[in-house]
Amino acid sequence: MKRFVNDPKQFVPEMLKGIALANPRTLKYVPAFNLIMRADAPSQTKVSIIQGSGSGHEPAHVMVVGKGMLDGACPGDVFAAPPLDYVVGATKLLASPKGVLHIVNNYSGDRMAFEMASEMLEAEGIKVQTMFVDDDVAVQDSTYTVGRRGVAGNFFVIKAVGAAAETGATLDELVELGQQVNASTRSMGMALTGCTPPAKGTPIFTLTEDEIEMGVGIHGEPGRSRKKLATANELADEMLEAILSDRKPLSESQRADPVFAEGDEVAGMVNGLGGTPVSELYLVYGHVHEQLAKKGLRVWRSYIGEYCTSLEMAGLSITLCKVDDKLKSLLLAPAEVAIRVF
């Protein structure tokens, strides 16, 4: 497919350089570690927060580095986990006396890089903790993952812990908060088309004109099923049903209660995967909003746009995050990042 690209091997570095040049007052680019970091980091009075993951999901995560959110992001190549030396080097540059929090989407490569890095860093006396995001209800295990995948719901985790860090929260408090937000967040996505990594040149998967992939992963991993295209409302209903009926097993003989219940307030997100017009995202959101109201759930705040993409994939995901007064205040706290979506 046609792209704006020079050398595919330099696609990510050139993108990162552009982000830094567009935000010279607030951001700094460190090419050695593919690192976008706050220009004023590290701070001696707050925990530093770092996210990794692969590239190709922008604005996640390099475009939400800044006050009130991430202190740094060190992505790997497109759809590839960051190398171990990127994570170690980025963490050393951002190390704070208050500690470092790694927020990691639940993919095997990302987990391995950050877990190994944490062991090395702790051996050098750097205080670091890791929390994992696994909000995707589509499948329990898939390509790249052991357990559920981390997708667009990570933005609610990042925003909450980023805001709390600005108030001086401890590393332990941030880990607990992040885990609470993750436990209250569920996502489900679907694709109308595949996507093509710049260095690959061919689509990861293809769909016929009347096919969709329900439950697709953000790297093009297989979802729950490949089926015929239906109306927007029917597709949204299927995704909502997967989210609202989700229960995480407590044991083989016992199942947890649903995450969402009548009377709850939620933050509702319709996230574009890179190739879907915003008009279609709002069309879907309108139906989602009405369906939630019928089920006794009130949307406290809506988020419609591109938050966690998959290059040019046409499709979307729906995320619900149950909120209380504390989480509302954190999600509304000021943030200064490269994109103005929060």
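# Exercises: helix packing and a six-stranded sheet

Helix H6 (residues 232-244) and helix H7 (residues 278-294) have axes that come within 10 Å and cross at roughly 50 degrees. The model is predicted: local features need pLDDT of at least 70, side-chain atom pairs count only at pLDDT 80 or more, and totals for chains, interfaces and linings use all residues. Residues are numbered from 1 along each chain as its sequence is written, and side-chain values use heavy atoms, without hydrogens and water.

**Exercise 1.** Classify the crossing of H6 and H7, then describe the contact.

*Solution.*
- Fix the terms. Helices (H or I, at least four residues) and strands (E, at least two) are DSSP runs, numbered from the N terminus. Axes are lines fitted to C-alpha atoms, for helices over the stretch in contact, and angles run from 0 to 180 degrees between N-to-C directions.
- Apply the classes: under 35 degrees is roughly parallel, over 145 roughly antiparallel, 65 to 115 roughly perpendicular, the rest oblique.
- At roughly 50 degrees, H6 is therefore oblique to H7.
- The crossing of H6 and H7 is right-handed; that is, the near helix is turned clockwise from the far one by less than a right angle.
- List the contact (heavy atoms within 4.5 Å). H6 gives Ala232, Asn233, Ala236, Asp237, Leu240 and Leu244; H7 gives Leu283, Val284, His287, Val288, Gln291 and Leu292.
- Sort by class: eight residues are nonpolar, three polar and one charged. Here Ala, Val, Leu, Ile, Met, Phe, Trp, Tyr, Cys and Pro count as nonpolar, Asp, Glu, Lys and Arg as charged, and the others, Gly among them, as polar.

**Exercise 2.** Lay out the open sheet and place the helices on it.

*Solution.*
- Two strands pair if DSSP finds at least two bridges between them.
- The six strands run in the order E9-E8-E7-E12-E10-E11, with mixed pairing.
- E9 (225-228) and E11 are the edges, each pairing on one side only.
- Neighbouring strands are turned by 20 degrees on average, direction ignored.
- H7 packs on this sheet, touching E10, E11 and E12 (315-322), at about 165 degrees to E11.
- Helix H8 (residues 325-332) also touches E10, E11 and E12, at about 30 degrees to E11.

**Exercise 3.** Is strand E10 buried or exposed?

*Solution.*
- Buried means under 20% relative accessible area, exposed over 50%, partly exposed in between (1.4 Å probe, protein chains only).
- Eight of the eight residues of E10 (residues 265-272) are buried, so the strand is largely enclosed by the rest of the structure.
- Glu265, Ala267, Met269 and Asn271 point one way; Val266, Gly268, Val270 and Gly272 point the other.
- E10 pairs with E11 (residues 298-305) in the parallel sense over seven bridges. Asn271 has Gly305 as its bridge partner in E11.
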